[in-house]
Amino acid sequence: MDKYVCSVCGYVYDPANGDPDNGIEPGTSFADLPNDWVCPVCGAAKDEFEKQE
Amino acid sequence: MKAVELAKDVYSVGVIDWNIRDFHGYSTERGSSYNAYLIVDEKVVLIDTVKKEFTDKMLENISSIIDPKRIDIVISNHTEMDHSGGLPRVMHYIGQDKPVYCSKMGFKNLSEHFPAGLNLKEVSNGEEMNIGKRTLTFLETRMLHWPDSMFTYDQTDKILFSSDAFGQHYAGFETFDDKVGDEIMHHAKKYYANILLLYAPLILKLIEKVQEMGLDIKMICPDHGIIWRSDPAKIINAYVEWSKQEGHKKAIVVYDTMWHSTEIMAENIAEGIASQGVEARPIHIRSSDRSDIMTEALNAKAIVFGSPTLNNTIFPTVADVLTYMKGLKPKNKIGAAFGSYGWSGEAVAEIRGHLENLGMEIVDPGLRIHYVPDDQGRAEAYAFGQKIGKAVIDAL
């Protein structure tokens with residue numbers, strides 16, 4: 001599954017790890033994150049993430 | 001220094017750093033200040049502290065109002081050490097068990113800065129706290145400019161304690177914007193260009209949010225420099241304008257040179273740009289500072305980079321500015337590269353790559369001149385400048 005990078009602060013969302021602090025199970029793809037999920041570091045919205053090449 | 005009363009029972013108790021000239025690579029020609037604020041209500045509240053080595057001076061300032069041991073609550077709007085460095089000493093002095101309120105990310109970040117233990121209390125975005133006659137509201141402002149950054153708003157006095165936002169590196173006894181005059185806008189702009197520019201999209205969102213909330217702001221108290229009291233909307237509107245990055249009819253030609261050849265090119269290019277009615281300025285990197293170059297870049301529509309080729313690559317000082325600019329992510333710019341070379345001449349193409357990565361619109365593949373520009377070379381540089389000048393006019 002693809003990793004996504006926050007264009008604001010550089011945080012990388014890795015589906016293998018999820019975001020357990022905010023209720024996202026490991027194994028959750030970026031596309032499956034809820035629309036109101038925000039970057040756990042800086043609060044940027046989902047649409048500010050870019051696929052990591 | 002004595003504390004300065006900002007409103008009844010609200011004081012500025014921070015310190016002035018007259019001598020700092022290099023703030024982690026940002027030139028602070030007028031020094032700076034580390035601002036902290038004291039509110040004396042039923043609870044006595046200290047908002048932010050100062051750089052570690054200035055802590056005793058801040059405690060002295062507080063003592064001109066009240067015994068610092070009477071402070072009940074400390075609020076940390078920002079973890080960076082020029083505002084939190086004094087926390088361990090302050091807490092040791094006033095009572096280790098007293099609470100330090102901070103944002104969720106502040107909790108995490110302060111814990112990593114001061115593992116010995118502060119009594120940290122997390123506040124959520126929008127949370128209110130009554131301290132007697134006053135109610136304070138906390139507003140998370142993540143990445144403006146650290147994850148932990150937050151504002152504290154005093155609803156009663158309508159004062160926004162804005163952390164690093166709206167700050168300026170300026171040392172002076174004037175305390176207020178109206179006492180300094182227009183010069184302060186230059187320092188505010190430099191601060192924005194060097195500290196906040198990369199977060200421009202977030203700033204626009206935040207200001208929109210603050211406007212939706214209908215916060216009535218009579219005074220803005222940042223963590224550096226003077227306090228905005230005469231017209232707080234002026235600095236807020238300036239932030240909106242800077243964040244939009246629309247660019248003015250202006251170009252800067254940023255270069256370095258070894259034997260004056262790239263310099264000759266830079267001056268002819270700038271003249272060519274100016275011939276189109278566009279403000280143009282050659283900036284020799286080693287006669288300037290990267291932070292001043294960034295300030296000039298903020299409202300320039302075009303940024304032109306010149307470098308000689310040294311040992312098959314970009315001259316190091318030019319790479320320094322390119323790296324710095326890469327981090328600050330200026331948007332909506334026109335770019336171009338030029339330079340003199342002796343044999344291999346890689347610098348121009350390498351710079352073009354950097355400018356493309358910055359998303360700049362490249363108006364010309366680049367101008368290279370072998371060794372020293374002759375009359376024809378100077379004419380080519382002038383024409384290259386004209387092309388850039390025309391592109392600026394067309395883009396606006």
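Let me begin with chain A, where, among its elements, strand 3, residues 49–51, has the lowest mean pLDDT, at 94, and strand 2, residues 12–13, has the highest, at 96. This is a predicted model, and for chain A as a whole the mean pLDDT is 92, with 100% of the residues reaching 70 or more.

Staying with chain A, I turn to its salt bridges. The side chains of A:Asp2 and A:Lys51 meet in one, at 3.6 Å from N to O, and this pair links distant parts of the chain, since A:Asp2 sits in the segment before strand 1 while A:Lys51 belongs to strand 3, 49 residues apart. A second salt bridge joins A:Lys3 and A:Asp14 at 4.0 Å, N to O; A:Lys3 lies in the segment before strand 1 and A:Asp14 in the loop between strand 2 and strand 3, so the pair ties together parts 11 residues apart in sequence. Here A:Lys3 is partly exposed, with a relative accessible area of 37%, whereas A:Asp14, at 18%, counts as buried, the cut-off for that being under 20%.

Now to the nonpolar cores. The largest has 105 residues, and B:Leu38, B:Leu46 and B:Phe166 are among those with the most contacts inside it; helix 6 of chain B, residues 183–196, gives the most to this core, with eight residues. A second, separate core of 22 residues includes B:Met265 and B:Ile273.

Finally, which residues does B:Thr55 contact, leaving aside its neighbours within four places in sequence? They are B:Val50, B:Gly86, B:Arg89 and B:Val90, and B:Thr55 itself, found in helix 1 of chain B, counts as buried at 2% relative accessibility.

Note on methods
Residues are numbered from 1 along each chain as its sequence is written. Chains are lettered from A and ligands numbered from 1 in the order in which they are written. This is a predicted model: local features need pLDDT of at least 70, side-chain atom pairs count only at pLDDT 80 or more; totals for chains, interfaces and linings use all residues. Side-chain values use heavy atoms; hydrogens and water are left out. pLDDT is the predictor's confidence in each residue, from 0 to 100. Helices (H or I, at least four residues) and strands (E, at least two) are DSSP runs, numbered from the N terminus. A nonpolar core is a set of buried Ala, Val, Leu, Ile, Met, Phe, Trp, Tyr and Cys residues joined through side-chain atoms within 4.5 Å. Buried means under 20% relative accessible area, exposed over 50%, partly exposed in between (1.4 Å probe, protein chains only). Contact means heavy atoms within 4.5 Å.
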